[in-house]
Every structure is written in C-alpha cells, then in structure tokens.
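This report covers one protein chain. Please look at the sequence and the model before reading on.

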Amino acid sequence: MRYLVIKQLLRLCGTLMVFLLMIPVSVSVAGLIVAYDSHNNPEGGLPASEQMSGVTALDLSRGPGILPNTSGNTYNSRGWTEGSVIDANDFLQWGWSFSPTLNLNLTDLDIRYDRSNTGPTQLEIRLSINGGTFATIFTDNDISSSGENNFDIDITGFTNVTSATFRLFAFNASATTTAGTFDIENFSTSPSPNRGILVNGTAATPIPEPSTFLLCCLAVFGILGYNFYRRLAAGRRKTEQITKQLENNHATG
Ligand SMILES: [Ca+2]
Ligand SMILES: [Ca+2]
Ligand SMILES: [Ca+2]
Ligand SMILES: [Ca+2]
C-alpha cells in the first residue's frame, strides 16, 4: 500500500515539473508609458512628467508651423491653419524614442484639450511606431471651446513597439493671429489632475525566480523519493523470496 502511494506521489512530481516548464518565461504588466503635465512653455519643448522605467520620452513640442501662445497656464499654441485640411507643419508632438523592451504593446491614449473661439475646430491624431509611416488613430470634427476629455482612444493595433511618435494636427481655425489658439489641458479628475496626455500599454517582464526555485525543490524531492521507492521495492522482493522459500521448505518437509 505504502509502495503504491509513493509511486503515485512520484507521478504527481513529474506532472508538476512538466507544468512548471510550460509556464511562459515572461508576464505582461499593464501600465503608463508616458504622461505630460500641461504647463505653458514659451521656450518650446515640455519634458514628460512621467515615463515607464527605461523609456526615453520625447518632449511635448510644436511643429514649425505653429508658435507658443504666451498667455494662460497650459501648453498653448497659435498659428493653426485656416484651411479645411491639415497643414503638415501645424502639429503638436509627443511619444518616446527608445524602449528597452521589445514586447511593448500599446493599449490606449487619454487626452484633454480645448480651443479659443477662433481656434481650430477640427483635429487629427496620427501615430508612427518604430520609424514607420504615420497612421490616423483619432479624428475630432468638433473641438469644444470649453474643454473636452477623450479617454481610451484605441491603439491596441500597435505591438512590439520600441519607439513611437504621436502628432496632433489641428486645423480649420478662423484666426491665425494670437486669438486663434489650441491647448492641451490637464484632466480635472480621473485619470489624474496633473496629466493632460497619457499613453498606456503593456510591457513584458521576466517571470520572478520562485518558479525556478520550485522546480529545483521538486527535482530534489523526486530524486529522494525515487531512491526510497527503489529501496522499498527491493525490500518487498526480498520478503517475497523468503516467504516463497519457507513455503517450498514446508511443502517438501
Ligand atoms: Ca500655421
Ligand atoms: Ca484652455
Ligand atoms: Ca470634440
Ligand atoms: Ca485610458
């Protein structure tokens, strides 16, 4: 009976070892990749306020066709085209130039903005990953002059990202002078009062050491158990031999 229980335990050990070997070597962790705390910055680029460990963030910056608007507290710009299509030079830009993790997968973009009464009424956000061509990820044909939140813009189609450049092209302003402005505003509530742009995603990280430790423990337990099982089996065979011998002696005696 004891011999059968040990045999079953050894089988279980083997199954557990195979199961642990099948566990993937990394796990996905959801998180913030870059975020920007919107401040007026007449000098130009605004560094990211937060970035995922190891990521080299790009500044929030302006294309050559727009200018900083010096009034107000937020990242405000003027000089947006009055045309009904985008001007290739009138954009805001953000993102990151390097990520050490090859398995960085994007999930969503959160952004809050507004415009002045004569500011641009339409916009388009485009994204380029790993130095590739820009793809449109979001359009807004009615920019609110009192401010609007745009949560969870879907960017799940962008995977294995090492670098990313977002460009927001605003257009269809009714004045390109100081009056026609567009600015990034911080969210007043969730996801954070100190962020106006957030890019989220998942990163693959190595699985922690405990699985390796467990595997070693199981291997040691398996070897010890196997030796014990062999000794027990040998003892059992010896007992059977002696019993058989005694029975033979009794039969011939
Ligand atoms: Ca312009
Ligand atoms: Ca504003
Ligand atoms: Ca809108
Ligand atoms: Ca979000």
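The text below deals with model confidence, then a sheet, then three loop residues.

**Confidence**

The structure is a predicted model. The chain has a mean pLDDT of 82, and 73% of its residues reach 70 or more. In residues 18-22 the pLDDT is below 50, and this stretch has three contacts in the model beyond near neighbours in sequence.

**The sheet**

Five strands make up an open sheet in the order E3-E6-E11-E8-E9, and their pairing is antiparallel. Strand E3 (56-62) and strand E9 (135-140) each have a single partner strand, so one side of each is left without a neighbour in the sheet. From one strand to the next, the twist averages 15°.

At one edge, E3 pairs with strand E6 (residues 91-98) in the antiparallel sense over five bridges. Here alanine 57 stands opposite tryptophan 96 in E6.

At the other edge, strand E8 (residues 122-129) and E9 run antiparallel and are joined by five bridges. Isoleucine 125 stands opposite phenylalanine 138 in E9. E9 is hardly covered, as the count of buried residues among its six residues is zero. The two strands E8 and E9 form a hairpin with five residues between them.

**Loop residues**

Most residues other than glycine have a negative phi. Which values of phi do asparagine 130 and asparagine 172 have? Both appear in the table.

| Residue | Phi | Loop |
|---|---|---|
| Asparagine 130 | positive, about 50° | between E8 and E9 |
| Asparagine 172 | positive, about 65° | between strand E11 (164-171) and strand E12 (181-184) |

Asparagine 130 thus sits in the turn of the E8 and E9 hairpin. Is asparagine 130 buried or exposed? With 12 C-beta neighbours inside 10 Å, asparagine 130 counts as exposed, because the cut-off for that class is 12 or fewer. Asparagine 172 has 18 other C-beta atoms within 10 Å and is therefore partly exposed.

The third loop residue is a glycine. Glycine 72 lies between strand E4 (67-68) and strand E5 (75-78). Glycine 72 is exposed, because there are 12 other C-beta atoms within 10 Å. Which residues does glycine 72 contact, leaving aside its neighbours within four places in sequence? They are Asn40 and Asp183. Histidine 39 is 33 residues from glycine 72 in sequence, and their C-alpha atoms are 8.9 Å apart in space.

Notes
Residues are numbered from 1 along each chain as its sequence is written. Chains are lettered from A and ligands numbered from 1 in the order in which they are written. This is a predicted model: local features need pLDDT of at least 70, side-chain atom pairs count only at pLDDT 80 or more; totals for chains, interfaces and linings use all residues. pLDDT is the predictor's confidence in each residue, from 0 to 100. Two residues are in contact if their C-beta atoms, placed from the backbone, lie within 7 Å. Two strands pair if DSSP finds at least two bridges between them. Helices (H or I, at least four residues) and strands (E, at least two) are DSSP runs, numbered from the N terminus. Axes are lines fitted to C-alpha atoms, for helices over the stretch in contact, and angles run from 0 to 180 degrees between N-to-C directions. A residue is buried if 20 or more other C-beta atoms lie within 10 Å of its own, exposed if 12 or fewer, and partly exposed in between; C-beta atoms are placed from the backbone.
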